[in-house]
Amino acid sequence: GGRLYEAVYKPTGHNELYRNPVVKPAPFSGKGWWLGVGGMEWAAPTDEHGLMEYLPWDASVTRNGDGGATVTVAAADRMTGLRVTGAITLSPEEGAYTVSARMENRTSTQQRGQLWTNAMVAPGGTNKVSPRLRFVMPTAEMVVHSTNDTSLPAERSTVSWPVHGGRDLADMSTWQGWLGGFAMPSAARGSFAAVYNPDADEGLVKTFSNREMPGLKFFGWGSSLNPAVYTDGDSSYAELWGGITPTFWDYAVFPPGSGLGWTERWQPVARTGGVSLASAWGTASVAGSTVCLLPVRRIEGATLAVTHPDGSRETAPFSAYPDRPATVTLSGPVAELEVLGADGTVLLKGKPVR
């Protein structure tokens, strides 16, 4: 399947991606079965988990000029001939990695297809999803893909996010079954998403371009499914997806010689208390008047500038490191924040997600 099997965050020593201890066909995907072995998979050329996760993929390694490396995996779908390429890049001195996904039509006829990245996540080191796992999705509404929670609307319905009907749906402990949903592309949708395990104080954040990656989806089982469907034992996972189409009900058209793709950046985080805002620079977590900052690269002589709800401004200097977040205590609640580099460059800016 050419998948990325592990992402180990060295400060905690934890693999943040799910790793199935067995290879056991589960009754999902258009084939009628799927090998949910964990890690990150490339789902193509159909919806759900695609048709390619069981195929052998070509792999190559490139050493980059900065001292890092890129592993590129590729395979062609046997039905359409569409070629899928995934590239995973790791650079030195960074607490993050980059994933690029692309689909190309190298045939002589027009094709249609979908391409998604599916990260099967289990942050915290136990290879299990916390019952209180939190999905951080900066959007005001979500389109339901599937659920067996009868108190929620059916698939293709729109629900408010994160609170719907008095329930905080971002908190998986409030679910009465499995739930999956799409955060539809819009100017109001943020350019990051995250999962956070409050029991372990650890999570995963991804950042991306909304223009390049219209598809953003989450999925979790809640407590409604016996893990024996996909594994032996009690390991478990949740999913965070990105795609070239807004939903599983949409297909992209590929004329001969054309291609589509995007890049997403993943940052493991720990000891931040959650995720409120993120960019390629790093992650911020806001709790009342306290801001916790975890950069991808070390930063010294930076400035945190915040706007309080009454419109007043406050600044504070800080330094932070990928393995050691900085905590800044301010005089009051935070309505908006900016992180400025030593040269005044804006590195992170926005309203924190609650």
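Modeller: Before we start, accessible areas here come from the Shrake-Rupley method with a 1.4 Å probe, and for residues only the protein chains shown count as cover. This is a predicted model, in which local features need pLDDT of at least 70 and side-chain atom pairs count only at pLDDT 80 or more, while totals for chains, interfaces and linings use all residues. Residues are numbered from 1 along each chain as its sequence is written, and side-chain values use heavy atoms, with hydrogens and water left out.

Colleague: Thanks! What share of the area that the chain exposes do carbon and sulfur atoms supply?

Modeller: The chain exposes about 14400 Å². Of that area, carbon and sulfur atoms supply 52%.

Colleague: And how many strands does the chain have?

Modeller: Helices (H or I, at least four residues) and strands (E, at least two) are DSSP runs, numbered from the N terminus. The chain has zero helices, and its strands number 31.

Colleague: What radius of gyration does the chain have?

Modeller: The radius is taken over C-alpha atoms, and the globule rule is 2.2 Å times the number of residues to the power 0.38. For 354 residues, a compact globule would have a value near 20 Å. The chain agrees with this, having a radius of gyration of 20 Å.

Colleague: How many aromatic pairs does the structure hold?

Modeller: Rings of Phe, Tyr and Trp (its six-membered ring) pair if their centres lie within 6.5 Å; planes under 30 degrees apart count as stacked, over 60 as edge-to-face and the rest as tilted. By that rule, the number of aromatic pairs in the structure is 19.

Colleague: Tyr18 and Tyr237 form one; how many residues apart in sequence are the parts that this pair ties together?

Modeller: The two rings are tilted, 5.2 Å centre to centre with 40° between the planes. Tyr18 lies in the loop between strand S2 (14–15) and strand S3 (25–26), and Tyr237 in the loop between strand S20 (215–220) and strand S21 (238–243), so the separation in sequence is 219 residues.

Colleague: Are Tyr18 and Tyr237 buried or exposed?

Modeller: Buried means under 20% relative accessible area, exposed over 50%, and partly exposed in between (1.4 Å probe, protein chains only). Tyr18 and Tyr237 are both buried.

Colleague: Which residue forms an aromatic pair with Phe28?

Modeller: The pair is tilted, at 5.5 Å centre to centre and 35° between the planes. The partner of Phe28 is buried, with a relative accessible area of 10%. That partner is Trp221.

Colleague: Over the face of which residue does Arg112 lie?

Modeller: A charge sits over a ring if NZ of Lys or CZ of Arg is within 6 Å of the ring centre and within 35 degrees of the ring normal. Arg112 is at 4.0 Å from the ring centre of Tyr251.
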